[in-house]
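Please open the structure in a viewer and keep the selection tool at hand. The tour proceeds one selection at a time, with a short account of what is found at each stop.

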Amino acid sequence: MQHDNSKNDSFNDDDLSKTALKRHSAEMHDLGVKLVKMGNNTIKQLPLDDELLSNIKLAKKIENKREGFRRQLQFLAKLLRQRDVAPILAALDEIENRTLYQAAHFHKLEQWRDRILSQGDDAIQAFIDEYPHADRQQLRQFTRQAQKEEQQNKPPAAARALFKYIRSVAE
């Protein structure tokens, strides 16, 4: 029975070409470099065994020693090649995309604030349709205050308060 290695993370020397082995080796080296450059709090979130963790810490410690660091990265890549790295890659992807999700969510809330300030009651109704537990009176009050502050060329304190309220309702 023949296995499809393109879907499998375990690599055997017999099943792959020399080029594919080199490519996989380079990918594991890059992953090792990425792990070494990460902060300690991020590394704690990854599913790493004790051997990998101790070798990553050692690589961080000897980062200023050129040849020792290079050899440690090679060893780290070797350790990664011997393991199933799919859980590590999935955890890294989740960590990296969490930031993107948070930024998108923040921009959505800013758009709600801008829409409410520019469109008034229609936008407030649309917001309440999406977030039924929002307080219409509170939204109207912040909107009136923000419009008054804008007419008087005052700092946008009410617009900031509106944004904080929108964020609290959305979360």
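Which residues does threonine 143 touch, not counting residues up to four places away in sequence? Select threonine 143 together with Ile116, Leu117, Ile124 and Leu162, for these are the residues that threonine 143 touches. Please bear in mind throughout that the model is predicted.

**Stop 1: Threonine 143**

Threonine 143 lies in helix H7. Is threonine 143 buried or exposed? Its relative accessible area is 4%, and because residues under 20% count as buried, threonine 143 is buried. Now show the backbone of leucine 139 as well. The backbone oxygen of leucine 139 lies 2.7 Å from a polar atom of the side chain of threonine 143.

**Stop 2: Helices H6 and H7**

Next, select residues 121-130, which form helix H6, and residues 136-151, which form helix H7. The axes of H6 and H7 come within 10 Å and cross at roughly 145°. The crossing of H6 with H7 is right-handed. To display the contact, select Asp121, Ile124, Gln125, Phe127 and Ile128 on H6; on H7, select Arg136, Leu139, Arg140 and Thr143. Colouring these residues by character shows that the contact of H6 with H7 has four nonpolar, two polar and three charged residues.

**Stop 3: Asparagine 153**

Follow the chain onward to asparagine 153, which is found in the loop between H7 and helix H8 (157-170). Asparagine 153 has a relative accessible area of 71% and is therefore exposed, the cut-off for this being over 50%. Its backbone merits attention: phi of asparagine 153 is near 55°, a positive value in a residue other than glycine. Most residues other than glycine have a negative phi.

**Stop 4: The largest nonpolar core**

Now turn to the interior. Which residues touch the most other members of the largest nonpolar core? Select Leu35, Leu46 and Leu80: of the 22 residues in this core, these touch the most other members. Helices H1 (18-37), H3 (50-61), H4 (66-81) and H5 (86-119) each supply at least two residues of the core. H4 provides the largest share, namely six residues.

Centre the view on leucine 46. Apart from its neighbours within four places in sequence, leucine 46 is in contact with Leu35, Met38, Ile88, Ala91, Leu92 and Ile95. A second core, separate from the one just visited, has 17 residues, among them Leu109, Ile116, Ala123 and Val169.

**Stop 5: Helices H1 and H4**

Select H1 and H4. How far apart are the axes of H1 and H4? The axes are 8 Å apart, and the two helices pack at an angle of about 115°. H1 and H4 form a right-handed crossing. On the H1 side, the contact is made by His24, Ser25, Met28, His29, Leu31, Gly32, Val33, Leu35 and Val36. On the H4 side, the residues to select are Phe69, Leu73, Leu76, Ala77, Leu80 and Arg81. In the contact of H1 with H4, 10 residues are nonpolar, four are polar and one is charged.

**Stop 6: Asparagine 55**

Asparagine 55 is found in helix H3. Its relative accessibility is 10%, so asparagine 55 counts as buried. What does its side chain meet there? Display glutamine 72: a polar contact of 2.9 Å joins the side chains of asparagine 55 and glutamine 72. Beyond its neighbours within four places in sequence, asparagine 55 is in contact with Gln72, Phe75, Leu76 and Leu79.

**Stop 7: Two distances across the model**

Finally, zoom out and select serine 17, which lies in the segment before H1. At 42% relative accessibility, serine 17 counts as partly exposed. Use the distance tool from serine 17 to arginine 136, C-alpha to C-alpha: these residues are 65 Å apart in space and 119 residues apart in sequence.

Then select threonine 19 in helix H1. Threonine 19 is exposed, with a relative accessible area of 52%. The C-alpha atoms of threonine 19 and glutamine 119 are separated by 59 Å, and the two residues are 100 residues apart along the chain.

Terms used. Residues are numbered from 1 along each chain as its sequence is written. This is a predicted model: local features need pLDDT of at least 70, side-chain atom pairs count only at pLDDT 80 or more; totals for chains, interfaces and linings use all residues. Side-chain values use heavy atoms; hydrogens and water are left out. A nonpolar core is a set of buried Ala, Val, Leu, Ile, Met, Phe, Trp, Tyr and Cys residues joined through side-chain atoms within 4.5 Å. Buried means under 20% relative accessible area, exposed over 50%, partly exposed in between (1.4 Å probe, protein chains only). Helices (H or I, at least four residues) and strands (E, at least two) are DSSP runs, numbered from the N terminus. Contact means heavy atoms within 4.5 Å. Axes are lines fitted to C-alpha atoms, for helices over the stretch in contact, and angles run from 0 to 180 degrees between N-to-C directions. A crossing is left-handed if the near helix is turned anticlockwise from the far one by less than a right angle, and right-handed if clockwise. Ala, Val, Leu, Ile, Met, Phe, Trp, Tyr, Cys and Pro count as nonpolar, Asp, Glu, Lys and Arg as charged, and the others, Gly among them, as polar. A polar contact is a pair of N or O atoms within 3.5 Å; within protein, one must be able to donate a hydrogen and the other to accept it, and residues adjacent in sequence count only if both atoms are side-chain atoms.
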